[in-house]
Structures are given as structure tokens and as C-alpha cells.
Amino acid sequence: MATAQKESWQSGLGFVLAASGSAVGLGNLWGFAYRASQGGGGTFVLLYVLIVMTICLPVLVAEMVLGRSTGRSPLLAPVQAAGRAWQPMGWLFVVVSCGILAFYGVLMGWTGQTLLHALQVGLPSSMGEAELFFAGISGGQSAIAGQAVSMLLTAVVVAAGVQAGIERLSRMALPMLFLLLVVLAVWASSLPGAAEGYRTFLLRWDSQELFNITTIRNAFTQAFFSVGTGIGAILAYSAYLNRKAPIPSEAVAIVGLDTAVGLLAGLLTFPVVISFGLGDAVSGSTIGTIFLSLPTGLGSIGLTGRIVAVTFFSLAYLAAITSSVSLLEVPVAALMDRCNWSRRNAAWVSAAVIFVVGLPAATDLNVLGTMDDLFGGVLLIAGGLLIAVLMGWFASRSFLEDLKNSGITPPARAGIILFFLRWVSPLVIAAGLLISVVDLIGKWTYVPR
Ligand code: PHE
């Protein structure tokens, strides 16, 4: 086995921005809006926030401690923490992060193509035209080209290293992204349908939705996917953390920023959708909101709309690439740690393999949806469960010790987090996982009559 990692973050802020960059991604800008609109409205948002605060946050702290205390890659950290029996967990991290990146690269490709189209040609003038354009970018050579460029850019950043690549990108991208999104949300609040947009999608309350299995699954999946805990991406980043970093407060900052961006994206999307009468198109399709309704709505208000669209898709691309680099870091760190590969070779080889694995998703929307359901909706959450069990039960002593050694976290706070990891997170995640699997099997075996 290789020795502990030598790279490190330049500063605590750099790490928080990079980890927030991992969390903030297409999941916030694309997933949050459509899942909120699929049903639930305010009930979905409440469930989402509850799950993030009580379940994802402790798991995120555990994942960060696992990375820092072992100083290893996601592949070997579980073994280092609790012995050989935990090796499969390391493999799960590598397989799931590669699986997610395989279809994430395709979504990034669509985002990039939509941006280019808005810049060079303009926006669609009707839903029909938008659908035609979308069919063009989401299939065939265009989708593959977009995916290839996205994987290439991701590999360039990861190959450049922790400080010169990932940290530098995040320092630039995250503040800009946040600022642009606030500006767009303020602009959207001036639209005629703004109030109704907020009411319909974000504030509508329906207690029945609390028991709706699809709403629960959506909130669960969205929470884990958006925070991005459960597959070792944040673990990989945390291996480069110094001993003194205040992990619990950093985790709160990451989760807070991530949730804020999801809500801000809703504050932008829903006024647009209602103002331009596109409500039905949104909930009907998973891709509807971002790739169809938003461009069509904005297309009807001329130059302003085009500027808004270009801004939005640029910030979406920035959000996506700060996430994709964290996903690629998982196999890259594993190859460096386990096989002593150079960072550069590991980055290029992993990116090439993941590109090939993603090709079926680039050419077939159903494959993409299934990969999203399987990797994002089930295996990612299973990884979160394993992290809670590992740190809560099998490595709880090193968990407490690591937090104590940082000299910042009060022991009482570390104890509360450990309590959640032991008694709350595993039970709730196991229940959520069961619901997800049952709901998914229902979806996969559904035969329309
Ligand atoms: N959180 C990212 C998003 O919202 C995706 C991601 C998932 C990144 C898992 C890292 C790990 O788009």
C-alpha cells in the first residue's frame, strides 16, 4: 500500500468551496425543480430539508472524518478504518461514482450544447421548436460530442491537481455561480407570475403528500444526490484536509450552501414557468423544466430572455464541472493510492473509461434514466447507510478521536453527531432505501394496460 496522501488544500475556505462545488450541481438546478414540481410542492421541500438536516448532515460529517482520519482514497479508507471486511464498501464508492459520472457527463453535454445554441442561434419560439432542438442535442453525435468535451474538461482539471486544478476552479466558479443565481432570482421576482409560481411549487401544502411514497423517494434521492454524500467524493477531498479543520462547521456550511442554491434555482425557475404558461410541461417530464420550458419561456421576451438563458446555462455548466471533478477524483485517488499511478495517468485513463461507460446513456434516454435511478437513487443511498454504520458502530472511537484532535469541536457536539450516526441515520436511511427500492421495482415492472 502506498503511504498517506501528500497533496493538501491551500486553505480551509478552498476546501469548503471545493466541497460545496461538489454538492452544488445539476442536481440543484435541474433535479430540485422537477422533483418539487412532480408532486409535493412545499411538502416536498419540507421533507427535503428535514432529511438533509437530520440524516445527510451527520453522514457528511462521518464521511469527512473517514477521509481525514485515514488519509486514504475512498477505495482503501474503509479498510484502513475497520479492517479487510470493509473492502467491498471501497469498491462500491468507486463503482457508484464512476456510474454517476458516466451519465452526469451526458447531462453536462446537453447543458453545454444548450448554452452554445442560445449564444449562437437564439432560443426556441415554441414548445414544439424546443422539443425538436432537444431531440437534436440529446441523441446521436451531438450528445456524444457534448459528453466528450465535458469529460475532457473534467480530466484536465483533475489532472492539474488538488490546488492547481480543483481548488483553483472552485474558488473562481462558486462565488460567481452564487452571485449570478441571486441576480437571476431577483429578476424572476419581477415577472407577473412570480407570486403564483412560488405558491404553486414551493409553498403549496398538502399533508397527504407526507405519506406519498413517490414524494418520499423523491425527497430522499434529491437530498442524498444533491449533498453528494455516500459515494466517497467528499471523502476523497477530505483526505487532503489538515488535522485542525473544523469539520462539523464546514459540513454545515456545505449543506447550507447546497440547500440555498436548490431553493434559489426554484425561485428562478417557477416564476418563469408560470409567467409563460408552461406549468404542464414541467411536471410531465423529468427534463421538462430546464431544457424545454425555461428556454421556451425566455425565448418569448427577446434579448433579455436570451441574456438570462446564456447566464443560466453558463452557471449551470460551472456548477456541473465542479461536481464532475469530485466524482472523477474518486477513481483517480484510488488508482494513485492502490496502484501508485501518477495523478495525470489516473485522470486520463479513468475519464476515458467513464466516457465509454456513458455512451449508452448518451444515445438512449431510457438508459440514462435507469442509471440515474440505480446509481443515484439506490446505490448512493446505500453508501450513505454504510458510512453511518461504519463510523457510528465500527470506528466510533476514531470518529470521536479525530474530532477531539482537531481541538475545535466540543466533545458534547461530537457526541450528539455520534448519537445520530448510531441511532437515527441508519434506521431512517434503511427505511428510505426500502421505500426507494419498492417504488423503483414498481416503476420498472409497471405494465400499462
Ligand atoms: N451533488 C451533485 C449535484 O447536485 C452531484 C454529485 C453527486 C456530486 C454525488 C458528487 C457526488 O449535481
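**Salt bridges and an enclosed ligand**

Eight salt bridges are present in the structure, which is a predicted model. One of the salt bridges joins R343 to E7, and the closest N and O atoms of this pair are 2.9 Å apart. Because R343 belongs to helix α16 (residues 343-363) while E7 lies in the segment before α1, the pair ties together parts that are 336 residues apart in sequence.

From this link we turn to the ligand, which sits in the largest cavity. Two or more residues of the shell around the ligand come from each of the elements α1 (12-23), α2 (26-37), α10 (213-227) and α15 (302-339). The ligand is surrounded by 14 residues, of which A23, G27, Y104, F225 and S226 are the closest. In character, the residues of this shell divide into six that are nonpolar and eight that are polar, with no charged residue among them.

Backbone atoms of the protein approach the ligand at several points. At S22, a backbone N or O atom lies 3.2 Å from a nitrogen atom of the ligand, and a polar backbone atom of S226 is 2.9 Å from a nitrogen atom of the ligand. At G27, by contrast, the partner is an oxygen atom of the ligand, which a backbone N or O atom of that residue faces at 2.9 Å. Taken alone, the ligand would expose 320 Å², and the protein buries 100% of that area.

Methods: Residues numbered from 1 in each chain as written. Predicted model: local features only at pLDDT ≥ 70, side-chain atom pairs only at ≥ 80, totals over all residues. Heavy atoms only, no water. Near = heavy atom within 4 Å. Polar contact = N/O pair within 3.5 Å; in protein donor to acceptor, adjacent residues only side chain to side chain. Areas by Shrake-Rupley, 256 points an atom, 1.4 Å probe, with all protein chains shown as cover. 1 Å grid on protein atoms, 1.4 Å probe; cavity = no way out; pocket = protein on both sides within 12 Å on 5 of 7 lines; lining within 4 Å. Sits in = over half its atoms within 2 Å of the grid points. Helix = DSSP H or I, 4+ residues; strand = E, 2+ residues; numbered from the N terminus. Nonpolar A, V, L, I, M, F, W, Y, C, P; charged D, E, K, R; others polar. Salt bridge = Lys/Arg side-chain N within 4 Å of Asp/Glu carboxyl O.
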